[in-house]
Structures are given as C-alpha cells and as structure tokens.
Amino acid sequence: MDPLLQQTTRRHFFERCGLGLGGIALSDMLARDGFAAAGSPDRNADPMATRRSHHDAKAKNVIFMFMAGGPSHLELFEDKPRLREFSGKMPPESLVKGKRFAFLGKDAKLLGTDRKFARYGESQMELSELFPHHRKIVDEVCWLRGMKTDVFNHGPAKLFMNTGFQVPGRPSMGSWVTYGIGSESRDLPGFVVLQSGPRGPRGGNALWSGGFLPSSYQGVPFRGNGDPILNLASPKGITPERQRDFVDVVGALNRERLGVTGDPEIATRINAYEMAYRMQTSAPDLMDLSDESQATLDLYGATQGGNSYGNNCLLARRLIERGVRFVQLYHTDWDHHGGPGQTLGKDLEKVCAEVDQASAALVLDLKQRGLLDDTIVVWGGEFGRTPMGETRDNKVGGRDHHIDAFTMWAAGGGFKAGMTHGQTDDFGYEVVDGLVHVHDLHATILNQLGLDHEKLTFRFQGRDFRLTDVHGHVVKEVLA
Amino acid sequence: MFRSLPAWSFLIALFPVCLSAEESKTVDFNRDIRPILSDKCFQCHGPDDKSRKAKLRLDIRESAVGDSTGLDARPDPVKSEKVGVIVPGHADASELVARLLTTDPDEIMPPAKVKKPISKKEIELLSQWIEEGAPYDGHWSFRPLADAELPAVKAKSWVKNGIDHFILAQLEQKKIAPSPEADPSTLIRRMSLDLVGLLPEPERVKRFVADYGRDHDKAVAALADELLASPHYGERWGRHWLDQARYADSNGYTIDGERTMWPYRDWVIRAINDDLPFDQFTIEQLAGDLLPNPTKAQLVASGFHRNTLINQEGGTDNEQFRNEEVVDRVNTTGAVWMGLTLGCAQCHTHKFDPITQKEYFEMFAFFNQGDDVNNVGATVEVSEGEMFLRDPDPKLLGALDQAKAALAALDRDKVKRQEAWEKSLIANDNKDANAPGASWARVKPTKLSAEGGAKLELQKGDSILAGAGGPHEVYRVELAPAKEAITAIRLKLIPHASLPNQGPGRAGNGNIVLTRVEFFQNGKPLTVARAQHDHAQPGFSAAFTIDGKTDTGWAINVGKGTAPGVKMNAEHEAHYVFAEPILASGGPVEVVLRHEANANYNIGHFAFDVSPTAPGAVTEEKLLTTLKIAPADRSDADKKLLTAEFDKADSERRAAVSRIAEAQKAIGLGSSVKTMVMRDLATPRESFIHIRGDFLRHDTETGPLRPNVLAALPAMPDSAKEKALPNRLDLAQWLVRADHPLTPRVTANRVWMRYFGKGIVETENDFGTQGSFPTHPELLDWLARSLIEGGWSMKALHKTIVTSATYRQSSMARPELNDIDPLNHLLSRQNRIRVEAEIVRDAALSASGLFTEKIGGPGVKPPQPEGVYAFTQRKVSWVAAEGPDRYRRAMYTQFYRSAPYPLLTTFDSPDFQSVCTGRVRSNTPLQSLTLANDEAMIELAQGLSARLMQEIGGTDSVANRERIRRAFGHCFSREPSEAEVEAVVAFQEKQMAGFAADAEGAKAVAPEKWAEGFDVAAAASWTAVARALMNTDEFITRE
C-alpha cells in the first residue's frame, strides 16, 4: 500500500464527498425498474446505494462457498450402512427407472464408502473423517441434507445454483441481492467473486453475471493475489500524485460540461471516477493481510500473498467487514468420477484438505467477531454424487453426478445453529424428508436479507423475472 | 351480483376532484384500459385456459359483457359463468367495478395473494371506460399500419420532413417549443458516431462547418449521404444487428471452443453496406439455405440461426441441447422481427398475449427440422474477403476453378498415388534419415545473440552451446553466406555432456519445445515450403515450427507411437525446405529460434547445415517397418499410419493447394474456413407440444404439429398452406409481408431507438399487451409505412431520421420541462447517449490516429489486461496482435462467450448467450478504471499524444494552447472554452514539471516515437493530456 496514495485518497474523499452535486435532480429513473421499494434512491446516480428491503432483515451479507464439481454427500456427510451392505449389487429398479445420468451406464452398481463416520457436538451431526475441522462447527451450522436440483451437467447445474435458471443470461443471486438492497461499501464493489483450485468454475462469467440487470450489479472477480481487480493499478509511470491530478482534471472538465449540458449523467460519471480512485487504494488495502494476527492466519491456513482457498475465506471476512454485500467463493475440483485425478481416494482427500480448515475457520472467526449473526454463510456444490459407483479405466473409483439428493450447509444470518434438516433414504438416493430445492434455498436466503423472492422482480422481454422463476418456498423450519 | 353501492358512491364523490380537463377526454382502450386489464386481470382471466378462474375472460368483450351471440363463432368459445361482469354504459351496475371496490377480502379483486393491488386512478379509468360503453379494440401492435396523415402544425418553418410533423404536433399541444438545432460541430460528431461509429477528423469538421454556414440542410443531407456510403456504416449498423443475431466467436457453455462464424459477420456488413432491402435481408438469414439454388452468400446468411450455443461438455444429452437451440431460434425470431416474448408460451399459454402453447410449438416446428444436433452440422467453405468480393475478373475466377479442379483430380487418384509412393520408399529404404537429394554441409555461424540473455557459445565443429537464459528464449543466429544458392537448411540437435540428462535440450529431461523458426535475408522473411524431422514427440512435429502458432512446436521426447530404439537424447534434425532458392548474393541468412510454449524448454546444443538441393522425405523407422508388411496383412492402424504419412509427404497436393491459395490471393481472397449454415433434415422430425416446456414430455394427445404462424396475425400466404409442411422460407416470407403489422413497426422502432436512446415504443422487445404504448403511435406507423414503401431500404430510413429537425435538435437539458416531461418522451430535445462498448474503443482508435481501417475477416486480439482467465475453465491463449491487427475496430475483437474481452462487458456489451435487442447503459467505477488504466487505452492515448506533437510543433505557451485546441478537435470535434484550455494548460504544465524530474516515469508514459523538438517530459505530459480528454464523459458520449 502506497502511503501517499492512501493519504491523498482520504484527504480528497473528505474534501469532496459533499461535492455539491446533491442539488442536481436525478430524475432519470430506470424505466423498467420492477423493484418497488418505496423511497429508494436513484439507481443511476448510485446503483449500489442501500435500499429499503421488503421486510425486516435478519442478515445483511452473504458468503457463498461454492464447491464446484459436486462434492459427494456419501463420502462427507451421510453414512449409509445399507449402501455398504449392498455395495456391488444392482440398485433397485424403482430407484433408477426413468432417471438420466451424465455418464453412468445401465450396469452401474451400488457403491458403499469405506470412509469412517462419527457423530459430533450437541447436535450429534454425522461427519466423515475427511472433514476433521468441520467437527468444530457442527453446532454452529444448519445442515441441509435434503437438497435437490434439476440438472445433471456441470455448466447448467452451476448456472441453476447461481442464477435459478439452467441457461446462461440470467442474473446471479449476488446480482439480485445488490440490485435489491444495494451495498454498504462505498469503495469496493457490492458483489465480489473469489476463486481457488486448479481452474475456473465451468460456466465462467455467466455464473456471476448480472444477466439483464444493469451491469453495475454483475459480480466483480477479485484475484487472490496481485491486483485483485483488472486495471486497478495505474499505468506505468503514473504515480499516485499524477493519478490524483488526472482524476482532478477529468473532474474539472466533466464539471465544465455538466454546466453546459445540464446532464445529470455527468455527475454520476464524476462520482464513478472518485470511487474508482478510492478503489485503487482500498482494494490493495483489502488484500494486504499484514494487519491480521498470526493466530488468525493460522486459523484459516492463509499466508500473506497466498492464493489459496484459505486466503479467499479470510478475504471474504475482510470484504464483509468493509460492507461488501455478497461474496461468492468458488473452489474447483470436486468432480470425482474415478479415473486419473478424480478418484474418491487420494484426489477427494486432497480437495477436502484444501477446504475443510478454512471453511470451518470462517464460521468460527465470524462468530468470534460478532459478524456471524449478520452474515449468511452457505457451503455446497451444484449437485451431489450417485450412490452407484462409476467405472473409469476399468476401476470403480468414483461416482456420477446426482441431482436427487445432496447436502449443503448454512450458518449465521438467522439459520438455526446445530440443526440437521432433511433426510435421505437408505442409499442416499432420494430425499425422504425435509426436501430443500435450489429455488427454496434461494427464497430462504433472500428472505433472511429482508427480500420477498416473489416481489424482487425485473421486467425483461415482457416478463417479470425472479431469482426463483415461478417456484420456491421459504424453508421456515430452518430459521431461528 | 351487485352489492357494493356505498363504495361506488364514494368513487363518484371522487370524480370531480380527480378529473382534470385533460383527463376528461375519452379513454382509449389500448392506451388506458388494456394495460390495466393485462397487468391486473389477465393472469387469471386472460388467454391461458389452464390458469383461468371462474371461466371468466376479460380479454374478449363478449365474455366480459356476457354477450353470448358471436361467442360460438370464435375458435375458442368461452362462455362465462359470470355472465356480464361489465354492463356497458353502467359502471355502477358492473360487478367488475364492485369487485374492485369491495373491502370484503373474499370478494376483492385482484385477490391479495397475487400482490397486484389496483390504484384508485385505475379504477376511475375503468369506470369511465365502462360508462363510455366499454369499447374493446384489438391490441394496437396487431392492427394494420395506420395510414396517418401528417398532422397540422403551426411552426411550419421548423419542419424538415414528416417526422417533425408528428413530434411538433405533440409539442405544440403541450405548448412546448422544440430545442434549437445543435451547432454544426455537435451535428457532425453526432452523425458520425451514429452512422459510422467513428470520430470525424478535425479537417472534415472544418469543411462541414463551412458548408453548413452556406446551407444547413444541404450540408446535413450531403454529410448523411457521405456517411451512408462509407464502408464503416455497414460495420456500425452491422454491430447492432449482430447483437440480435447473438454473434460470437466461441461455442458457449463450459468448454466454449472457438468457432468460425465471422463469414456470417462479414455477410451482415456487406448486406448493410449494399442496402440489401430488409425483406430480402430477413429471408436470406432465416431461410437462405431454402431458396432455390442458393448462392454461397445466401447460405452464409442462414448462419444467423447457427449462432446458437453448442454444449461440448462431456456426458451431455445432445437432444436436450438441440432442443435448447430450437427454443432459442424460436424466441430470437419472435424478439427480433415481432418484438414478442414468445418464450413465455414455451411452458404454458401466454398469460397476457394471444399466444397459446400450441402456437408456440407450431412455430417451434419450423425450426425443429435442422440437422445440427448440438454440433457443427452443415458448413460451407468461405475464404477471407469472399463476402466482400465485387465483380471479380472472370479470368482470375477461371484460374481458380482450374486450380480447384487440379486438386480434385489429385484427390481422385489418391489411392494410386499412395501406392506409387509406398513403392518408391521401399525401393529407397533410406532409413538412415539422410533423406536422399540433399548434400548437407556445415555452415559457420557469424553472429550469435539471445533476447533473454542466454549465452550462445561457438564450439568446435561450428556447433552452438546455449547457456541458461530466459524461460522463453529467442536465439538469433546469422549464418556465413554460402557459396552457392541454398534450397534447404538443416537444424541439427546434438547431445552435450554439460546439458541436463545429457540431452540436446535444456529442459530437465533433455527435451526441447521449439515453437517457431524464422529465416530472414536482409531483414526480409524467407518462405519455408515444408519442414520435416527425423523424429518428433507425438503431437510435436517440426512442421509446427512454421505454422505461425506460438503454442505448438517441435519436441523430441518419446511416446506412444515412437518406433522402438529411438531415444530422446540423441542427435535429431529438422529440415527446412525453402519455397525459392536463397541466392548467395542476397547476403547472410539470419535464423530465429523461438521457444514460446514451455518455460525453459530451450535448445541446448545445435548446429546448422545447408544444402543446395532439397532433401526427400525423411522416412521414419516406424513407417519403414509398416511399409514392409504386405498390404493384405496391414491392420487398420497400419493403414491409418501410412495414409497419414503419405498425406504429410504429398508435396504434389500441397503444391495444388498453394496454387489455389495463389489464385485466391489474385482475386483478393485469403485463406478459407468452414462456417456453419442451416440445413434441414431430409426426413422431417415430428414436433409436439412439450408439456410444461419439458422436451422429454411430448403431448401425444394433441399429436404432431404442422408448422404455423400465430393466429392473431395475418395468415401465411396460400402457397404455404398448400405445402405438406411449410418451412422457414414460408415463415420468413410471412414476416416481411407488406401487411405484417409487427415486422415493420418493430424494425423502425429499433432504428429510432439507436438515434434517440429509446424507442417510440420504449419496450422495444415487447410489443405485446404488457409492453408500453407508443409515445407517438402515428409517427411509428408513418415510419413503418415509409420503410415498406421505400422498398425496405434502411439507408432511406436512416437518412429521413438524421435529416429531420427532431434529430438535429440540441441535447442540452431543459430544466423548465422537468415537471412536464422529465424523461423527454416528447422529444423537445435530443438525448445525450453514452456510446456502446465497441464505440468507446473505436472513438479512441480514431482519435489516436492508429486506426486500421480493414473491414472483416477473422477475429483479432488487441491487448487485454492480465488475469482475465483466472476465473474461466477455458484458458485462451491471448497473444496480443502486433502491427495493424492491434488497432482494428472493437467489433473484430475475438469474442469468447465464457471470457469476453473485459472492456466490452464493462461497458455493457452482452455476452451473446441469447438475443439482445437493446443494451442497457450503465455508468460504473469499473468503467472508469478501464478507461483510465487499461493498457489498450493508454496505447491509444500515446497515439493521440504523438499525433498532437506531429501536427502542432513548438513548446511555447501559444503552441501548447494551439495543441490543446487541436486535441479538443480530435476528441470532441469542437473548440474548447477558455476555462477548459486553462484547466488543461495547468494540468499539462504540472505534469511536465513532474516528468522532468522523473525520467523513468516519463519514458513509460511518453509515446514510443514522437516528433522532434519535444523532450521526453513534454512527450509524457501530452500523453497525460490525451489520456485525460479520452476519460471525460463527453468523449464517450454522443451529444
């Protein structure tokens, strides 16, 4: 962090924030603005201005830890002795009839797991040996064992979990939330995306796209180290002082033009340059972990300058602390079909080791800092994995994509701590109780933020679109 | 039935208070009533019989008033149980009104649970309408175009053409005067940005201002003609069209592989430049493949609907994604031509518009015949430039045909030719890799250098030993001139004890990856006809060192398919055979070896040999072994190997191919690609209703559907009715019928929207009942009519608009009208419009002076910030173009749907996953960061900086001020005010002083080259000025 840049920013911010633009009536409301919160500030002037929610909010922020690829609920969260017993046998006809799978053939046989499970905490939640750190948060978390989705390919299923639709081009949850209630951060984007693992999540930018919403609401990817945002650094040879001069002269010319044309859009542009300038300071500040204690770094397994999932979880907390509304994390490599790099053996162990500690750390750290009540922390992938084993390279070493049942968890933000909601059958194939469909999860998260998923709409191509399409129910049972 | 009298009396009491003189006018069903009914009632009492409650329809008057006569004649008779909820002429007797007013929660409409409360004002309107007899009227956009007369206006002198009559008439009604005409410098910048998307040169501005001074109208008309004749007009308006075509250069979804649809893009540019009438433009894109004897251009045009996504992910159900494609084609067609939201009817009958689910799938049936199944499907081969070809020389075309015939003949004889080749190889048995024909002689290197700092040392025997250098080293070796002409050069790799694993390479295992080898004589590149090797790692042939690609190359590890006994760390060689002999008199030859793919896979020890004659093909051991197997005993793999080797060795065919390329070049054509086109199945697919839109659930009860158009619109022509199965051609012809109410309105409205920021129908993508009512309905119909009567000429429509007084108004705000017309619906002024993403770059390109005007061809890669792929599954190799392709218009930037070029999406470019008929326009800090800091933008600021110093010499204060005026000319086409000049002067002086004390910073900011007479600090300060001007709101705004 360059101290001069920081100093100039602060001085400038305090001098200029009352810039005298308030007198300009900004009346050009977005014509098709379907969000009807009364008394909302003008979206054009400040798209991220905080806006009144539909009802009282229980939570302010969301951190969504997305496990891209589809973690196996059968290796992590659900011990199924019957599945072990029938391992190697054909599944009952009634289970698989009419079902479609991405890769499984008709001859796929049931596969039990060798992973050891035990029950932990007061809630007596079942966890496998792969997640030792999760034992510390069993009583903080609400376990959703009855998750269900609609689609079995990665791309469409990730889109579905992120946007509520299988096809690209719809706004993601973070976009809807910032569109609905804005963000409290004045110098960072309201919806930030962080990624770790060997590659980006399948589906790419469509996952955090603002869809048809104004592009102010699209997720802004932050890279884990270096410059977090594209084009954040001033060009070579432009010192902080020169950048300040630049912003000043651009502002002066813009104000001249504002005087001539009277177009309030120019005032918005002036504000945008000021915020961009502040971001140049605040974003590197965010990334600089030197003000974190060693104990905190150790809790997450994060390192200064690192680019791990642990670093991203710590960054998520730092973002929330700075008022950012929605943080979406992706960690890839959960696609355990068997075959090289995708076994339920060492490959699954590797990715579990990558996320277990930091996922738990985030919950513990937020709680300790009193932030957990205001923050919904969600953990899970786009689907689960089949009770049937998948054969690759002549070995049964993995499982296919499974949409009918999988586990996610949510903590904080008014979700009941230490509750296990939902139950699957003896094979972990179908949900028998406490089904939570993806649309329901979306409706519930919005509800905690004070948003009614049926009212949060945007008119596009003649239709009032929602995150939850025409579905979704708030899952009241899991709310405190 | 009638229970709520008290409430009704309350309403009567309200009337006198609420009705102003204005509002006491007769209500208009389409303007005032239908929107209320549509929004609050149709969901349960509309066209969809599945969700209909109480068997009541309010979208049909007979049902609403309980008049059963005539109901039976309807195709979908619905007799209301509640007979007559509307009593025409008697609001107080109408249950409809009673149910709106009641306080009884069981009775009140709309019910609380639908969350659509109705306002008092709306109830008043409904009541007034019923009092007036409750007249219904067909939805406005479905009615035939009105033949409106031009309304009379008072200020006749203001009027330039028909448009102005309609605009002025409404303004005069509200007693508002139009704005004065914008000054000429604003006009030329506005017209240039709108029509060609580039900034006018200051000299052109000067000329226009002079012309304008002589005769306003003539100057504007002449400028319009000039811009409409510019080839850049086709780019500008083609880009708008490509949004609707959801054109992109990749397949979408997660794998997002590249595709070559740019010939379609080029077709669009050409068609628009040629002013192909919009009806023909429509037909060729929707059904070019179904025209009798379609031309190649018409086939390429049919690529419109091949811009749909292809999901290449493993394990996908192709039928599912084929259905997604068909759905997208239906919805896109509905949106682009009819402004209808057909997609709503995919899962159920449309709640608001007269589109049943059955009708949706009848439309679906037109598009359900494509033979592409989530794959590439039908293609045609198109050469670069082909779509722009005009009247080629028949002689040259003949030569091309001949060359193609020669190739075809070779291909016909392939089996025979391969047999002969096999025999000759067996006869030669030249397995020692010393391919016959060459006589190699070692050549002494005379100059050695490495760009990354590797030390190149000459060894005994004239070989070269390379030390550690940069991870992607580039070696440059100059060879001593030969005594006679050279035909081939051999690169010899030689193991060395000092190298890792005693290999010839510097990689840990001794390997290399050599990505490009280039030869120069006197700075001119020498053309290599072929490259071959004695051995190559599978997938890393020496031929890859001359393919121009930086991510492919020659490597020498062993792998699957390597003959037994062959080792990596042994002597290996690559031969480069030149297209023409290199004459000794031409000077020494420089060889450049590039290692761009794998870090540190640089060559360690090597030498060069030259030969006056070309070597024959090298025969690898594996090939020889295979050749010796009797033909009858060869396995499939053996045969495949032999064919592949023959193909590699087949220089006759290569020569024929290059003759075709030469013939193409002579005509003005570049290399060819295959581009996707539409093709229908020979045996038609049956189409069914998909229950709840699920492609797996066919409604077999209703049975297979015949392709058909919406019943609410004019029918298909009789010719189509007689066909067993009407096809896309019938659909296309139907869309451009002269009496189609939607196509001309929707099209004229979209054109209008580009010029004024919003359409006459603001919901340009929804002309259905939920959409907004036109602000100037008669004007819209007048424009639509003019379009048809003008033979669907788009250029004529553009000219009418840009020469109108309405368009030419100033865009200055009019605060006095904030209360009457805050959103400027009446167009009492022009609107300031932030230009589209592509034009942000194009404007900067044109101001910078670096702009490459080339039109069309494959996508290009300008610089983009690092880290774009930190978030994508697919990592694209994005090597920024050097030279002219670095400065092409933004519409040519290679567009990957999963990782678009950041500048574009930051400025609201869609990601082309689906149709985009109108973009949103946002204003965000990320845009500021992009304009301020993006490398590509800085480069253009440096271009403008160099240009300013070139154009205006001198460093005194007069010259500096003059240069600032010039900069304003380039960026804003206008003179600066005094205050602006002084602000910039102060800035420039401060920057220059700062740079004078910071040589390194100045060097980084200054352009690469600039005119004499400026020191580096001055040069840097002018870049700072250029950058500041390019970052103003005005720069990216069309005023």
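The following legends describe close-up views of a predicted model with chains A and B. Residues are numbered from 1 along each chain as its sequence is written, and chains are lettered from A in the order in which they are written. In this predicted model, local features need pLDDT of at least 70 and side-chain atom pairs count only at pLDDT 80 or more, whereas totals for chains, interfaces and linings use all residues.

**Figure 1. Confidence along chain A.** The pLDDT is the predictor's confidence in each residue, from 0 to 100. Chain A has a mean pLDDT of 86, and 89% of its residues reach 70 or more. Among its elements, helix α1 (residues 3-16) has the lowest mean pLDDT, 36, and strand β8 (residues 375-380) the highest, 98. Helices (H or I, at least four residues) and strands (E, at least two) are DSSP runs, numbered from the N terminus. Over residues 1-41 of chain A the pLDDT is below 50.

**Figure 2. Helix α7 of chain A.** This helix covers residues 240-261 of chain A. The expected span of a helix is 1.5 Å times one less than its number of residues. For the 22 residues of α7(A) the expected span is therefore 32 Å, and its end C-alpha atoms are 31 Å apart, which agrees. Buried residues of α7(A) include A:F246, A:V250 and A:L253; a residue is buried if 20 or more other C-beta atoms, placed from the backbone, lie within 10 Å of its own, exposed if 12 or fewer, and partly exposed in between. The buried residues of α7(A) pack against α8 (264-287) of chain A together with α33 (978-996) and α35 (1016-1030) of chain B. Just after α7(A), A:G262 takes a positive phi of about 70°.

**Figure 3. The contact between chains A and B.** In this view, 69 residues of chain A are in contact with 76 residues of chain B, where contact requires C-beta atoms, placed from the backbone, within 7 Å. The largest share of the side of chain A that touches chain B, 11 residues, comes from α7(A). By class, this side of chain A has 29 nonpolar, 24 polar and 16 charged residues. Ala, Val, Leu, Ile, Met, Phe, Trp, Tyr, Cys and Pro count as nonpolar, Asp, Glu, Lys and Arg as charged, and the others, Gly among them, as polar.

**Figure 4. The largest nonpolar core.** A nonpolar core is a set of buried Ala, Val, Leu, Ile, Met, Phe, Trp, Tyr and Cys residues joined through C-beta atoms within 7 Å. The largest core has 308 residues, and B:V300 is one of those that touch the most other members. Helix α8(A) gives the most to this core, with 12 residues. Not counting residues up to four places away in sequence, B:V300 touches residues including B:W267, B:V380 and B:M387. Another core, of 43 residues, lies apart from the largest core.

**Figure 5. Residue B:D147.** This residue lies in the loop between α6 (120-131) and α7 (162-173) of chain B. B:D147 counts as exposed because it has 9 C-beta neighbours inside 10 Å. The C-alpha atoms of B:D147 and B:D781 are separated by 7.4 Å, although these residues are 634 residues apart along the chain.

**Figure 6. Domains 2 and 3 of chain B.** Domain 2 comprises residues 160-235 + 743-817 and domain 3 residues 260-382 + 682-735, with bounds from an automatic or database domain assignment. Their C-alpha centres lie 32 Å apart. Here 19 residues of domain 2 are in contact with 17 residues of domain 3.

Terms used:
Contact = placed C-beta atoms within 7 Å.
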